[in-house]
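Please open the structure shown below in a viewer and keep the selection tool at hand. The tour proceeds from one selection to the next.

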Amino acid sequence: MKLNELFEKKTSLSFEVFPPKSDTPVETIYDTIEALGEAKPDFISVTYGAGGSRSNATIDICASIKQKHGIEAAAHLPGIYLTKAQALEQIAQMKERGIENVLALRGDRREGEEPAGDFRYASDLVSFIKENSDFNVIGACYPEVHPECADIVSDIKNLKTKVDAGCSQLITQLFFDNETFYDFREKTAIAGINVPIEAGIMPVVNKKQILRMTTLCHATLPKKFLTIMNKYEDDPIAMRDAGIAYAVSQIVDLIANDVDGIHLYTMNNPYIANKICSAVASLFRS
Ligand code: FAD
C-alpha cells in the first residue's frame, strides 16, 4: 500500500526502528517487530546507515515487516553517499522485495568521507526516485529548523522545493514542545505545503541518550521536561515511566489539535512503544 492513502482515512500511527548493530544478529530485530505489531501501527519505517548500523539490512527488514508481519513498511534512503547507479540499484531491490514507500533523505556527512556528489539535497533524490519508479516518497522536516540552515524562512522554502519534487507526506524531527510544531505547521501551510505531516515523538528513557540526541538535532528542551529529567535521572524506572507519561501527554495534545499522524521513534523498545500506544489507542480511531 502506498502510505499517502492513509491520511484520507485516519490519524496515522507509525514507528521507526533501526537495524541492529553489526555485532548483533539481524534476526534480533524480528522479535522487536513482532512485539511492536501489538500496537497495530499503520506502518514501520526502518533507518539506513544511521549510528553505524547496517545499511544493507534496511531492505531485508522492510520486506520482512511487510511479508512476515503483515505491516506496511517504509525504507529510509539517504542519498549523500550514493551515486545515481547505486540509487537505481537500491530502488530496483526495493521494488523486487515489494516495498512501495521510501523516506528519501540527504543523510548526514561522515567525518573523512567525501559525498558521492550525485544528490546534493534530499530534493535531488526525491525527483530521481519519482523519475525512475512509482514509489510513494516521504520527506523529513524540522519544526525547529534544520541545524545547517540559517533561518526558518529558508528552511521552509527548501522544504517546499522538496515537496514539489514529489514528497506526498512528511515526518518531523523529534520535538518536545508542541507549540514549536503548531508554529511550524502554520508556516508550512502559509508557504503552500499541503501534504500530511506526521509528528515525530521520542519517549525519553534516559538523560544521557536524550542529551546526545538533542545536541545532534538541536531540539529545545522545555522547562517542564528538564525538571522531570533532573528529578528522575538516577531512578531508571521512574525516568522511564515519566518519559512514557510525557510522550502520552504530547500525543493527546497533538491529536486534539488535528495532527495528521504520530511517528514514534521507538529506539527498538517495544515495551515503551506499546505502553504509550495502549494509553492513546482510542484516539487513533478514524
Ligand atoms: P535536505 O532536505 O536536503 O535538507 C538538508 C539541509 O539543506 C537543510 O538545511 C535544508 O534547508 C538545506 N537545503 C535543502 N535544499 C536546499 C537547496 N536547494 N538550497 C540550499 N539549501 C538547501 N539520516 C540517515 O543517515 N539515515 C536515516 O535513516 C535517517 N532517517 C531520518 C528520519 C527522519 C524522520 C529525520 C527527520 C531525519 C533522518 N535522518 C536520517 C537524518 C537526516 O539525514 C539529516 O537530518 C540530514 O542532515 C538532512 O536530511 P534531509 O533529508 O532533511 O536533507
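The stops below begin at the ligand and end at two backbone angles. The model is a predicted one.

**The ligand and its surroundings**

Begin by selecting the ligand together with the 22 residues around it. Those that come nearest are Asp-108, Tyr-142, His-146, Asp-155 and Lys-162. Three polar approaches can then be displayed in turn. In Asp-108, a polar side-chain atom lies 2.5 Å from an oxygen atom of the ligand. In Tyr-142, an N or O atom of the side chain is 2.7 Å from an oxygen atom of the ligand. Tyr-48 is to be examined at its backbone, where an N or O atom lies 2.9 Å from a nitrogen atom of the ligand.

**Arg-106**

Next, select Arg-106, which is placed in the loop between β4 (101-105) and α4 (122-132). Is this residue buried or exposed? Arg-106 is buried, since its relative accessible area is 18%, and the cut-off for that class is under 20%. Show the side chain of Glu-148 as well: a polar contact of 2.8 Å joins it to the side chain of Arg-106. Beyond the neighbours within four places in sequence, Arg-106 is in contact with Pro-78, Gly-79, Ile-80, Arg-120, Tyr-121, Ala-122, His-146 and Glu-148. One of these, His-146, is also among the residues that come nearest to the ligand.

**Helix α5 and Asp-164**

Move to helix α5, residues 152-166, and pick out Asp-164 within it. Asp-164 is exposed, with a relative accessible area of 54%. A distance label drawn from the C-alpha atom of Asp-164 to that of Ile-237 should read 45 Å, and 73 residues separate the two along the chain.

**The pair α7 and α8**

Two packed helices are described by the angle between their axes and the distance between the axes. Select helix α7 (residues 207-217) and helix α8 (residues 223-232): they pack at an angle of about 145°, and their axes are 10 Å apart. Which residues meet between them? From α7 come Lys-207, Ile-210 and Leu-211, and from α8 come Phe-225, Met-229 and Asn-230. Classified by type, this contact comprises 4 nonpolar residues, 1 polar and 1 charged.

**The cysteines**

Now colour the cysteine sulfur atoms. A disulfide is a covalent bond between the sulfur atoms of two cysteines. How many disulfides does the structure hold? The number is 0. Cys-62 cannot be paired because its closest cysteine sulfur, in Cys-167, is 17 Å away, too far for a bond. Cys-277 is likewise in no disulfide, and the nearest cysteine sulfur, that of Cys-62, lies 19 Å from it. Cys-62 counts as buried, at 0% relative accessibility. Cys-277 also counts as buried, at 6%.

**Two positive phi angles**

Most residues other than glycine have a negative phi. The last two selections depart from that pattern. Lys-40, in the loop between α1 (28-36) and β2 (43-46), has a positive phi of about 50° although it is not a glycine. Lys-40 is exposed, with a relative accessible area of 68%. Asn-268, in the loop between β8 (261-265) and α10 (270-280), has a positive phi near 60°. Asn-268 counts as buried, at 18% relative accessibility.

Terms used. Residues are numbered from 1 along each chain as its sequence is written. This is a predicted model: local features need pLDDT of at least 70, side-chain atom pairs count only at pLDDT 80 or more; totals for chains, interfaces and linings use all residues. Side-chain values use heavy atoms; hydrogens and water are left out. Axes are lines fitted to C-alpha atoms, for helices over the stretch in contact, and angles run from 0 to 180 degrees between N-to-C directions. Helices (H or I, at least four residues) and strands (E, at least two) are DSSP runs, numbered from the N terminus. Contact means heavy atoms within 4.5 Å. Ala, Val, Leu, Ile, Met, Phe, Trp, Tyr, Cys and Pro count as nonpolar, Asp, Glu, Lys and Arg as charged, and the others, Gly among them, as polar. A disulfide is a pair of cysteine sulfur atoms within 2.5 Å. Buried means under 20% relative accessible area, exposed over 50%, partly exposed in between (1.4 Å probe, protein chains only). A residue is near a molecule or strand if one of its heavy atoms lies within 4 Å of it. A polar contact is a pair of N or O atoms within 3.5 Å; within protein, one must be able to donate a hydrogen and the other to accept it, and residues adjacent in sequence count only if both atoms are side-chain atoms.
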